Amino acid sequence: MAAKYEERMKAKGFLPYNLDTVPTKFIRKAKEELGETDEKRRSSLEQFRKRILGDKKLKCPTDDEFLIQFLRARKYDVDKTMGLLHNYFDLLISYPDFFDNMDKEKIYKLARSGFVKGLPFRDNDGCLILVLKMGKQSLSQNKFLK
């Protein structure tokens with residue numbers, strides 16, 4: 001039965017959960033919607049990295065993979081991207097109990113409990129589909145979070 005499911009999903013053009021490379025259709029979509037080209041990505045990353053390194057208050061990763069997420073979210077507008085990055089770190093600083101004191105072992109237990117499942121195929125837009133089994137118990141009462 002699993003083989004038939006996989007055949008149907010592939011026939012409909014759904015992408016698998018794990019991707020090693022970015023499919024051509026998403027590279028094309030980034031170019032059309034964001035104006036993303038190799039040159040624009042390179043020059044924007046360079047400008048963005050310079051701005052970050054010039055900001056003495058801002059301590060953050062400067063690797064391409066981390067920075068490109070922010071640039072894409074603001075369509076490669078470096079000024080708007082800087083604002084987004086500051087907002088991101090303001091959020092981390094404003095709620096340290098939530099972000100700094102996460103008990104990784106409890107999170108791993110929750111993940112292994114079946115509370116969250118990822119479907120084996122992505123939707124038509126390439127997004128992962130997660131299923132949450134909420135049950136009758138609230139998260140605040142969940143034994144994995146205590």
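Q: Helices (H or I, at least four residues) and strands (E, at least two) are DSSP runs, numbered from the N terminus. What separates E46 and R42 in helix α3?
A: In this predicted model, local features need pLDDT of at least 70 and side-chain atom pairs count only at pLDDT 80 or more, while totals for chains, interfaces and linings use all residues. Residues are numbered from 1 along each chain as its sequence is written, and side-chain values use heavy atoms, with hydrogens and water left out. E46 and R42 are four residues apart in helix α3, so about one helical turn separates them.

Q: What makes the contact of E46 and R42 a salt bridge?
A: The term requires a side-chain nitrogen of Lys or Arg within 4 Å of a carboxyl oxygen of Asp or Glu. For E46 and R42 the N to O distance is 3.3 Å, so the pair meets the limit of 4 Å.

Q: How do you know that the side chains of E39 and R42 meet in a salt bridge?
A: Their N to O distance is 2.7 Å, which is within 4 Å, and the pair therefore qualifies. E39 and R42 also lie in helix α3, where three residues, about one turn, set them apart.

Q: Why is E39 called partly exposed?
A: Relative accessible area under 20% is buried, over 50% is exposed, and anything in between is partly exposed (1.4 Å probe, protein chains only). E39 has 46%, so it falls in between. The same class applies to R42 at 44% and to E46 at 38%.

Q: Which parts of the chain does the pair of R51 and D79 link?
A: The side chains of R51 and D79 meet in a salt bridge of 2.7 Å, N to O. This pair links distant parts of the chain, with R51 in helix α3 and D79 in helix α5 (residues 78–94), 28 residues apart. D79 is exposed because its 55% is over 50%, whereas R51, at 36%, is partly exposed.

Q: How many salt bridges does the structure hold?
A: There are eight salt bridges. One network of them links E36, D38, R41 and R72.

Q: Why is the aromatic pair of F66 and F70 called tilted?
A: Rings of Phe, Tyr and Trp (its six-membered ring) pair if their centres lie within 6.5 Å; planes under 30 degrees apart are stacked, over 60 edge-to-face, and the rest tilted. The centres of F66 and F70 are 5.1 Å apart, so the rings pair, and their planes, at 55 degrees, are neither under 30 nor over 60, so the pair is tilted. The structure holds four aromatic pairs, and one aromatic cluster is formed by F66, F70, Y88 and F89.

Q: What separates F66 and F70 in helix α4?
A: F66 and F70 are four residues apart in helix α4 (residues 64–73), so about one helical turn lies between them.

Q: Are F66 and F70 buried or exposed?
A: F66 is buried because its 14% is under 20%. F70 is buried as well, at 8%.

Q: What makes the nonpolar surface patch?
A: Patches are made of residues with over 30% relative accessible area and no salt bridge, like charges being joined within 9 Å and nonpolar side chains (Val, Leu, Ile, Met, Phe, Trp, Tyr) within 5 Å. Here L91, Y95, F98, F99, M102, I107 and Y108 make a patch of about 690 Å². At least two of its residues come from each of α6 (96–100) and α7 (104–112). I107 lies in helix α7, and its 34% is over 30%, so I107 meets the area requirement.

Q: How many disulfides does a search of the whole structure find?
A: The search finds zero disulfides, that is, no pair of cysteine sulfur atoms within 2.5 Å. C60 lies in the loop between α3 (38–54) and α4 and is buried at 17%, while C127 is partly exposed at 40%.

Q: Where does UniProt place the feature "domain: CRAL/TRIO N-terminal"?
A: The unreviewed UniProt entry places it at residues 63–88. In the model this span is 81% helix and 0% strand, with its end C-alpha atoms 16 Å apart.

Methods. Areas by Shrake-Rupley, 256 points an atom, 1.4 Å probe, with all protein chains shown as cover. UniProt positions renumbered as here; feature names shortened; annotations may be inferred.
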